[in-house]
Amino acid sequence: MSKPQISRRGVLTGVVGLTVASGLAGYGLRPRRESLGLPAIDARESALVTTGKINNFDLTARLTQVDLGGTVADTWTYGDLLPGKIFRVNVGDRVRVAFKNELPAPTSVHWHGLAIRNDMDGVPGLTTPEVLPGGSFNFDFITPDAGTHWFHPHSGAQLDRGLYAPFIVDDPREVTKYEREWILILDDWTDGVGKNPDEILAELMQGKGADSSGMGGMDMGGMGGGMEMDDMGDVTYPMYLINGRPNNDPETFSAKPGERIRLRIINAAADTVFQVALSQHLMTVTHTDGFPVKAFETALLRIGMGERYDVVVTVTDGIFPFVAEAVGKSQMARALIRTGSGRIPTATFRPNELNAVALTADLLQASDEVKLPARKPDHVQNLLLTGSMKPYVWKINGRTYAQTKALTTRSNETGRLRIRNMSMMSHPIHLHGHTFQLGGAGSNGARKDTVLIPPMGGIDVDFAATNPGKWMIHCHNAYHAEAGMMTRLEYIA
Ligand code: C2O
Ligand code: CU
């Protein structure tokens, strides 16, 4: 699978943006080489290889009641569905989304994993206007990256409501072989059942810890005492879901024995790392964050918030639970795969595969055609991750987002991020508008946009600066991000 060509020169073509009619005034007065605003954004997009096809979608965020295995919850969703309806296009297609906000609060939509034009990235105050209650916004962009992606709000703790949906970009040239394909979206759930995300965030900020189960008074595993635990997360949830369904009401997928099935797995949780397994099967990992990797077989796979993995399984005869164990929270979500008759395992059945050593992204190797060109980085910048539960503050390079000093790059440079986790929590670090290669450009590491950094762990990643604009880099734990663990990458002249 080769990628659409992206112009490696910052040539300004003077092409007018597809949707933004205003905002050009003033650029003509500046020297061209300093022009990193709309003309550079337009130039980059018009250099993408496109199919010419236009896909129109409607998307409305609103208050909804969802039935979670018999528990009815008031929450916020896209189009009354949990997860929202899939968006599916081909690589190089143009996507137009007529978005309406019928929520009682301002919101936004971020297209996670798509390295689209900066002004459509959906980050209020940085790239795209916030959409007020009753308001609307028309997104319009070319999709340059095939793979399993998704979308969600970039406003406060809204990520921990029901606002998420898959965004799949197909590459007609792809060669992965399988007979069926299913999408599995993992989530931790409290909204409308326990406390809502704003209440949880407020309690965390007051240093109370957060037991969202509504049972009250539960100690946060001792984390308030200063000793943080590995991968516990900060929030205890009443439910964990796969495709909007709790453990007692799993979605059932049907197939025939011997069929190969591609599972596209998305972790849409706010505060939960999952480990996934299919009972009595091995999974062959084929992609992460949309990019192909050399096939890697595993019984167990660890997925941080925001990460995606595609795996292929060859199913045998019977009924098998696909389980997602909430790491450190001793609960599971599940779906069932049925290829024949058999006994349905109980909701508490814990497959042996959960005892295996979990695969993590650092062990994967990029397919050759998606490695970044080997190149010595033009600059190396640190992302030092620190924080504490009391007070509840999470920082990058010693600063919260309010005080942050943005990282910088020039167009067409290769940048290295030296990510170092100095805390006892794991953090899934996500870069908007780009992908990076784990271990450096031209190494064997996987191409990704989100990487889970274990407690006291670290990794160097390289990115190619080919998408001008101002971009978020942050922890994909919604509460860490809100408590400061965000910064920016800004293109400079
Ligand atoms: Cu999926 Cu800035 O996030
Ligand atoms: Cu974090």
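**Reading a copper site and its sheet**

Author: Leucine 384 has a relative accessibility of 34%, so it counts as partly exposed. The model is a predicted one.

Reader: How do I read that label, and in which strand is leucine 384 found?

Author: A residue is called buried under 20% relative accessible area and exposed over 50%, with partly exposed in between. The 34% of leucine 384 therefore puts it in the middle class. Leucine 384 is found in strand E23, which covers residues 379-388.

Reader: Which residues form a nonpolar patch on the surface with Leu384?

Author: Met422, Met424 and Met456 form the patch together with Leu384. The accessible area of the four together is about 360 Å².

Reader: Next, the metal. Which residues coordinate the copper ion (ligand 2)?

Author: Start with the donor atoms and their distances. His427 and His480 each coordinate the copper ion (ligand 2) through ND1, and Cys475 does so through SG. The distances are 2.0 to 2.1 Å. Water is not among the atoms, so a site may look incomplete.

Reader: How are the donor residues of the copper ion (ligand 2) spaced in sequence?

Author: The spacing is H-x47-C-x4-H. Histidine 427 is in strand E27 (residues 427-431) and histidine 480 in helix H3 (residues 478-482), so the two histidines tie together parts that lie 53 residues apart in sequence.

Reader: Is histidine 427 buried or exposed? And histidine 480, buried or exposed?

Author: Histidine 427 counts as buried, at 0% relative accessibility. Histidine 480 is buried as well, its relative accessible area being 0%.

Reader: E27 holds one of the donors. In what order do the strands of its open sheet stand?

Author: The open sheet has five strands, ordered E25-E33-E32-E27-E30, and its pairing is mixed. Its edge strands, each paired on one side only, are E25 (407-409) and E30 (450-453). On average, neighbouring strands are turned by 20° against each other, with direction ignored.

Reader: What are the individual pairings?

Author: Count the bridges and note the sense of each pair. E27 and E30 are antiparallel, with four bridges, and histidine 427 stands opposite isoleucine 453 in E30. E32 (residues 470-475) runs antiparallel to E33, joined by five bridges; here histidine 474 stands opposite methionine 486. E25 and E33 run parallel and are joined by three bridges. Threonine 409 has tyrosine 491 in E33 as its bridge partner.

Reader: How many residues of E33 are buried?

Author: Think of the two faces separately. In a regular strand, side chains alternate between the two faces of the sheet. Strand E33 (residues 486-491) has six of its six residues buried. Met486, Arg488 and Glu490 lie on one side, and Thr487, Leu489 and Tyr491 on the other. Both faces are thus covered, charged side chains or not.

Reader: Why is strand E16 described as largely enclosed?

Author: Five of the five residues of E16 (residues 274-278) are buried, so the rest of the structure largely encloses the strand. One side carries Phe274, Val276 and Leu278; the other carries Gln275 and Ala277.

Reader: With which strands does E16 pair?

Author: E16 pairs antiparallel with E19 (residues 301-303) over three bridges, and antiparallel with E21 (residues 319-326) over five. Glutamine 275 has arginine 302 as its bridge partner in E19, and stands opposite glutamate 325 in E21.

Conventions:
Residues are numbered from 1 along each chain as its sequence is written. Chains are lettered from A and ligands numbered from 1 in the order in which they are written. This is a predicted model: local features need pLDDT of at least 70, side-chain atom pairs count only at pLDDT 80 or more; totals for chains, interfaces and linings use all residues. Side-chain values use heavy atoms; hydrogens and water are left out. Donors are N, O and S atoms within 2.8 Å of the metal (3.2 Å for Na, K and Ca); water is not among the atoms, so sites may look incomplete. Buried means under 20% relative accessible area, exposed over 50%, partly exposed in between (1.4 Å probe, protein chains only). Patches are made of residues with over 30% relative accessible area and no salt bridge: like charges are joined within 9 Å, nonpolar side chains (Val, Leu, Ile, Met, Phe, Trp, Tyr) within 5 Å. Accessible areas come from the Shrake-Rupley method with a 1.4 Å probe; for residues, only the protein chains shown count as cover. A salt bridge is a side-chain nitrogen of Lys or Arg within 4 Å of a carboxyl oxygen of Asp or Glu. Two strands pair if DSSP finds at least two bridges between them. Axes are lines fitted to C-alpha atoms, for helices over the stretch in contact, and angles run from 0 to 180 degrees between N-to-C directions.
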